[in-house]
Amino acid sequence: MTDKARHIPVMLQEVEALLGLKAGAVAVDGTLGLGGHAAMMAGRIGTEGRLIGIDQDAAAIKIARAGLSGFKGRLDIVKSNFSRLDEVLAGLDAGAVDAILFDLGVSSLQLDEPSRGFSFRHDGPLDMRMDADAPVSAEEIVNDFSEEELADLIFDYGEERFSRRIARHIVAARAGERITRTGQLADIVLRALPGGARHAHKRLHPATRTFQALRIAVNRELDVLNEVLGQGLKNLKVGGRMAVISFHSLEDRIVKTRFKAWAVEGAVRLLTKKPLQPADAEAADNPRARSARLRVCERIS
Ligand SMILES: C[S@@+](CC[C@H](N)C(=O)[O-])C[C@H]1O[C@@H](n2cnc3c(N)ncnc32)[C@H](O)[C@@H]1O
């Protein structure tokens, strides 16, 4: 694993404790990434266990597969969107499973690699597709959406209060030349913001919200989360557990609402009444962990 490909698994101990995996269990990592959580799961389920890893990023899968090569249990790794969970598990003849984990969002591999186009910190092509085979990249959205569509997207998915100004600046800039680079877009966003807002957030780069919004749109992140949760519950054994780590309020709201509804129906027991957040030491060591929220439920009927 190269330096670039290092990804520190978020809230690893909490996930381990709450999933409560036993030797011989069947565990699904729906967001395999670089295999950090999966390695923990593999260690818990041991040689009699079965680990199923899903990711839509072929580059991540390659690294995770190498990292898990020492696992002596049964290992199946599938390149797919997790929104096709039913199909993937049926295709593997997996039966009902003991645990499912979703550690949402992007990995360090994706974020830190300029050519993937996720980051305003490194100039690169305006891409942002987690699945390099997906049809629509951020470049198409930024250049083809109407001003109103862009403003709504940046407001809804980025919770950015200057969304209209930013959309107006994007449309004005692209009339001159096509916007193809992350650096170009970050500059446009910066110029769109009123003076104070450009410097207001010490920890948050002014383009953060706009980039988040585009990333969510490109990867249909909220749609696929909505699509997969029910499939997850359906594929759990009674006593099986589902853990979801989300990184922004839009995702956490979806998980919270769904888990609560299931609890009211008597389908699950909530193992986290409030979402768990990383301990101070983890948040200090790993900036990516700071916004993490972990929710876990157990199927009871
Ligand atoms: C935060 S990383 C996971 C890191 C992993 N837990 C680890 O410890 O290395 C999220 C991963 O999930 C993948 N991913 C995100 N949304 C996905 C989806 N809808 N379907 C499949 N994979 C997805 C991304 O490609 C990325 O590799």
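The following questions and answers look at a predicted model, beginning with the whole chain and moving on to helix H2 and the ligand.

Reader: What radius of gyration does the chain have, and what would a compact globule have?
Author: The C-alpha atoms of the chain fill a box of roughly 60 × 40 × 40 Å along the principal axes, and the chain holds 14 helices and seven strands. Because the chain has 301 residues, a compact globule would have a radius of gyration near 19 Å, and this agrees with the value for the chain, which is 20 Å.

Reader: Is helix H2 largely enclosed by the rest of the structure or largely open, and why?
Author: A residue counts as buried if 20 or more other C-beta atoms lie within 10 Å of its own, and in H2 this holds for Gly36, His37, Ala38, Met40, Met41, Ala42 and Ile45. Since seven of the ten residues of H2, which spans residues 36-45, are therefore buried, the helix is largely enclosed.

Reader: Which elements do the buried residues of H2 pack against?
Author: Just after H2, Gly46 takes a positive phi of about 70 degrees. The buried residues of the helix itself pack against two helices, H1 (12-19) and H3 (58-67), and also against the strands S1 (26-29), S2 (50-55) and S4 (97-103).

Reader: How many nonpolar, polar and charged residues are in the shell around the ligand?
Author: The ligand is surrounded by 22 residues, of which the closest are Pro9, Thr31, Gly33, Gly36 and Asp57. H2 and S2 each supply at least two residues of this shell. Sorted by character, the shell divides into eight nonpolar, eleven polar and three charged residues.

Conventions:
Residues are numbered from 1 along each chain as its sequence is written. This is a predicted model: local features need pLDDT of at least 70, side-chain atom pairs count only at pLDDT 80 or more; totals for chains, interfaces and linings use all residues. A residue is buried if 20 or more other C-beta atoms lie within 10 Å of its own, exposed if 12 or fewer, and partly exposed in between; C-beta atoms are placed from the backbone. Helices (H or I, at least four residues) and strands (E, at least two) are DSSP runs, numbered from the N terminus. Two residues are in contact if their C-beta atoms, placed from the backbone, lie within 7 Å. A residue is near a molecule or strand if its C-beta atom, placed from the backbone, lies within 6 Å of it. Ala, Val, Leu, Ile, Met, Phe, Trp, Tyr, Cys and Pro count as nonpolar, Asp, Glu, Lys and Arg as charged, and the others, Gly among them, as polar. The radius of gyration is taken over C-alpha atoms; the globule rule is 2.2 Å times the number of residues to the power 0.38.
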